[in-house]
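Please walk through this protein with me, beginning with its charged side chains and moving on to the way its strands are paired.

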Amino acid sequence: MKKNKQYKILALLGIFAFLLGACGSSTQTPDPVIATAVALTVAAQNVQQNAPTSTAIPTATVPANITFPTPTQLLFPTPTKSGSSTNTACAKANFVSETIPDGTIMKPGDVFTKTWQIKNSSSCTWDTTYKIIFWDGNVMGGAYYYNLPQAVAPEGVIDISLVLTAPAEEGTFTSEWMLQTPNNVAFGVGQYNEPITASIVVSKEDKPVTGITDVKLEVIRDPAAGCATNIFYRYVAQVSANGKITIRYGFLQSDGNLAWTDSLVFDEAGTKTVTGPFWSFHLGSSPGQKWVQFVVIKPYYQEFEKQYFSYLCGNTP
């Protein structure tokens, strides 16, 4: 019974509220906010009613003739290494000759072409994947590496030329270069893999000091002598000057003797080869390490690097 009374009271209150609302003006404008909210609610209900019931993600059919690379195929390829170039067997060279001898005097900004003649002393053919690379010093306006201009077979000789530029400031500048195999093994010339160099003197003076700038000295033993009664060693020097000059030179020996003096004339910068005397040893000579040194006596005194060699015959001291 209590519940029925409660329902009746609620019904009466509802009727009373309706009558009060009817007393308002019939021209009252509907609240636009309420109207918009109702419209959005209806639209949302329509979307929900029309939405597909399946939540599966659609898939595309790939034609049978289409293939995709594996992850490993997307990586950069490994450079091909051919033959024995994967080790140092191909990294052997010897110096033959050069242009623009070390110590040549130039003006700031002078452009010049330096050429080295290099012998392939390896058992490999060097192709154009071999390079000459900048090693140390001043790059003199060049790039940091160049491919060889042509292939060269074992025991063949190749000309390697670089166009370089003298620095703008004054002083002595050296640019060192090495060869490089396709698998990045850098190597120089000779037994000790020394770099090949372009070394110049930059001067603004119209008449800079000229002189001997470099000497490459070699001591050659008579190969047929063995340990005979007399053993002969001969000197051969490649002498470079940076301009016109006449010199008086000689070979200073470790026994204190100045063996051989002669004159050498340069009409311009360049390199000349001179052959010195024999240094004779006999069986009574003391064995051991010896040396010989190229010296310039006139127009002013100059000493160059000593060349050491060993005499192993003779009496033991």
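Which residues are linked in a network of salt bridges? In this predicted model, the network is made up of Glu98, Asp102, Lys114, Asp214 and Lys216. A search of the whole structure finds five salt bridges, and several of them can be followed residue by residue.

A convenient place to enter the network is glutamate 98, whose side chain meets that of lysine 114 in a salt bridge with an N to O distance of 3.0 Å. Glutamate 98 belongs to strand β1, which covers residues 93–98, while lysine 114 belongs to strand β3, which covers residues 111–120, and the pair thus links distant parts of the chain, 16 residues apart. Both of these residues, glutamate 98 and lysine 114, are buried. Glutamate 98 also forms a salt bridge with lysine 216, and here the closest N and O atoms are 3.7 Å apart. Because lysine 216 lies in strand β10 (residues 212–221) and glutamate 98 in strand β1, this pair ties together parts that are 118 residues apart in sequence. The two partners differ in their surroundings: glutamate 98 has a relative accessibility of 16% and counts as buried, since the limit for that class is under 20%, whereas lysine 216, with a relative accessible area of 33%, is partly exposed.

Another member of the network, aspartate 102, lies in the loop between β1 and β2, the latter spanning 104–106. Is aspartate 102 buried or exposed? Its relative accessibility is 10%, so aspartate 102 counts as buried. Leaving aside residues up to four places away in sequence, aspartate 102 touches Lys114, Thr197, Ala198, Ser199, Thr213, Asp214 and Ser240. With one of these, serine 199, the approach involves the backbone, for the backbone nitrogen of serine 199 lies 3.3 Å from a polar atom of the aspartate 102 side chain.

A further salt bridge joins glutamate 155 to lysine 119, with the closest N and O atoms 3.1 Å apart. Glutamate 155 sits in the loop between β5 (145–147) and β6 (157–165), and lysine 119 in strand β3, so this pair ties together parts that are 36 residues apart in sequence. Lysine 119 has a relative accessibility of 28% and therefore counts as partly exposed.

From the charged pairs we can turn to the strands, and in particular to β15. Strand β15 (residues 288–298) runs antiparallel to strand β12 (residues 245–253), and six bridges join them; tyrosine 249 stands opposite valine 296 in β15. Strand β15 is also joined by five bridges to strand β17 (residues 307–311), again in the antiparallel sense, with glutamine 289 having serine 310 of β17 as its bridge partner. With strand β16 (residues 302–303), β15 pairs over two bridges, antiparallel as well, and valine 295 has glutamate 303 in β16 as its bridge partner. A hairpin of three residues makes the connection from β15 to β16.

These details can be set against the whole protein, which has two helices and 17 strands. Of its 317 residues, 31% are buried. Among contacts between residues at least 6 apart in sequence, 68% join residues at least 24 apart. The protein exposes about 20,400 Å², of which carbon and sulfur atoms supply 57%.

Technical notes:
Residues are numbered from 1 along each chain as its sequence is written. This is a predicted model: local features need pLDDT of at least 70, side-chain atom pairs count only at pLDDT 80 or more; totals for chains, interfaces and linings use all residues. Side-chain values use heavy atoms; hydrogens and water are left out. A salt bridge is a side-chain nitrogen of Lys or Arg within 4 Å of a carboxyl oxygen of Asp or Glu. Helices (H or I, at least four residues) and strands (E, at least two) are DSSP runs, numbered from the N terminus. Buried means under 20% relative accessible area, exposed over 50%, partly exposed in between (1.4 Å probe, protein chains only). Two strands pair if DSSP finds at least two bridges between them. A polar contact is a pair of N or O atoms within 3.5 Å; within protein, one must be able to donate a hydrogen and the other to accept it, and residues adjacent in sequence count only if both atoms are side-chain atoms. Contact means heavy atoms within 4.5 Å. Accessible areas come from the Shrake-Rupley method with a 1.4 Å probe; for residues, only the protein chains shown count as cover.
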